[in-house]
Amino acid sequence: MRQKRAKAYRKLMSLYCMSFGFRQPYQVLVDSEMCKASISQKLEFAKQVETVLQGTVKLMITQCCIHELYLQGKAQQPAVDLAKAFERRKCNHREAIPGDDCLASVVGETNKHRYVIATQSHDLRVKLRTIPAVPLIHINRSVMILEPPSEATVEAKESAEEQLLHPSAPEIAAMSSTNAPAEAPKKKKGLKGPNPLSVKKKKPKPEYPMPKNDTKEGEQGKAGTKRKRDADEERDAGEHQPLQRSGRKRKRHRKTSDKAVDSEVDEGV
Ligand SMILES: [Zn+2]
C-alpha cells in the first residue's frame, strides 16, 4: 500500500476511534461476495484487512451471509472455507435473508456495535453511507479499499465537536459561577502583558501620524507649561521686580512708537 494511502487510512481510523469509540480489534463483518472476491483475487484476506484498517481485526460473518455461500455449492467451497474461519455473528434471522438486508439490520440505525463492513455490494455501501460511522471496505481489482468517511460520518463528527465546543446552558451556568472570577484576572494579565511591549514598538512604525500628534501635543504641553512658567515668572517678576517688566513693555512701546514715527515720517514725505 502506498504511503499516502496508508496515512489517509490511519487518519480515518483514528477519526472512527476518537469520535465514535471504535477499538481494536476492529470487528469486521464480511459478506459472501467479499469472501468470493478474496478467493478469486487470491488475497491474504485477514492480512489485507489489517493493513487497510491499520490495526488488529476480528473477522466475522453473519449466519445469513454464510448461508448464501452454502447455497452456491461446491464451486464456492474455498470461499466457504474462508468464511468458516471467521467468527459467526448471530443475526437471529430465523430464515436466511439476503446478505445485504442482513448486514443492514445488524448495523441498524446507529451501528452501535461499531462494525466495519466489508462488502462487495454497491447498493449496501450506498445505504450504509447514510449511517454515521460505518467504515466500509471493498475490493477493487485486487486492491482492498477503505472508503473515505461518508457525509453522514463527517456531519456527525462535526456536530459532536460542536457540542464539545459549545457547552449546554446548565454547563455554561456552572462554569460562569465558578470560573468567571478566575477568567477575569487572566484577561487583565493578557492585556497587561503584551501591551507595553507592543505599544512601544508599534507606535513609531505603522501609525506615522500618531507619534507626530503625540509629540506635537507634548510640545504644546511643554510650551504651555513654559508659557505658564514664564507667565508665572513674569507675574512673580511683576510682583517683586516691577522695573524689568516695565522695561520690556517699554521696549515694545518704543518699537511701535518708532513705527508710528516712521509712518508719520513717510506720510510727511
Ligand atoms: Zn441475518
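This report walks through a predicted model of a protein chain, from its overall make-up to one helix pair and one residue in that pair.

## The chain at a glance

We're looking at a predicted model of a protein chain with 269 residues, of which 24% count as buried. Twelve helices and six strands make up its list of secondary-structure elements.

If you like contact maps, here's a handy figure: take the contacts between residues at least 6 apart in sequence, and 64% of them join residues at least 24 apart.

## The sheet

How are the six strands ordered in the open sheet? The order is 3-2-1-4-5-6, and the pairing is mixed. Strand 3 (87-89) and strand 6 (143-146) sit at the edges; each has a single partner strand, so one side of each has no neighbour in the sheet. Going from one strand to the next, the twist averages 30 degrees.

As general background, strands of a sheet pair through backbone hydrogen bonds, and the pairing can be parallel or antiparallel. Both senses turn up here: strand 1 and strand 2 run parallel, while strand 5 (residues 136-140) and strand 6 pair in the antiparallel sense, over four bridges. In that antiparallel pair, Asn 140 stands opposite Val 143 in strand 6.

## Strand 1 and its partners

Strand 1 (26-30) is mostly covered, with four of its five residues buried. Which strands does strand 1 join through four bridges, running parallel? One is strand 2, joined by four bridges, and here Leu 29 stands opposite Met 60 in strand 2. Strand 4 is another parallel partner, again with four bridges, and in strand 4 the bridge partner of Val 28 is Val 116.

## Helices on the sheet

Helix 3 (residues 45-53) lies across a run of strands: strand 1, strand 2 (57-62), strand 4 (115-118), strand 5 and strand 6. Its direction is at about 120 degrees to strand 2.

Helix 4 also packs on the sheet, where it touches strand 2 and strand 3. The direction of helix 4 makes about 70 degrees with that of strand 2.

## Helix 4 against helix 5

Helix 4 has a helix partner too. What are the angle and distance between the axes of helix 4 and helix 5? The axes of helix 4 (residues 63-71) and helix 5 (residues 77-84) come within 9 Å and cross at roughly 155 degrees. An angle over 145 degrees counts as roughly antiparallel, so helix 4 and helix 5 are roughly antiparallel to each other. The crossing is left-handed.

As for who meets whom, helix 4 brings Ile 66, Leu 69 and Tyr 70, and helix 5 brings Ala 79, Val 80 and Ala 83. Sorted by class, that contact has six nonpolar residues, with no polar and no charged ones.

## A closer look at Val 80

Val 80 belongs to helix 5. Setting aside residues up to four places away in sequence, Val 80 touches Leu 69 and Tyr 70, both of them helix 4 residues in the contact with helix 5. Val 80 and Tyr 70 are ten residues apart along the chain, and their C-alpha atoms are separated by 6.8 Å.

Why does Val 80 count as partly exposed? Val 80 has 19 C-beta neighbours inside 10 Å, and a buried residue needs 20 or more, so Val 80 counts as partly exposed.

Note on methods:
Residues are numbered from 1 along each chain as its sequence is written. This is a predicted model: local features need pLDDT of at least 70, side-chain atom pairs count only at pLDDT 80 or more; totals for chains, interfaces and linings use all residues. Axes are lines fitted to C-alpha atoms, for helices over the stretch in contact, and angles run from 0 to 180 degrees between N-to-C directions. Helices (H or I, at least four residues) and strands (E, at least two) are DSSP runs, numbered from the N terminus. Angles under 35 degrees count as roughly parallel, over 145 as roughly antiparallel, 65 to 115 as roughly perpendicular and the rest as oblique. A crossing is left-handed if the near helix is turned anticlockwise from the far one by less than a right angle, and right-handed if clockwise. Two residues are in contact if their C-beta atoms, placed from the backbone, lie within 7 Å. Ala, Val, Leu, Ile, Met, Phe, Trp, Tyr, Cys and Pro count as nonpolar, Asp, Glu, Lys and Arg as charged, and the others, Gly among them, as polar. A residue is buried if 20 or more other C-beta atoms lie within 10 Å of its own, exposed if 12 or fewer, and partly exposed in between; C-beta atoms are placed from the backbone. Two strands pair if DSSP finds at least two bridges between them.
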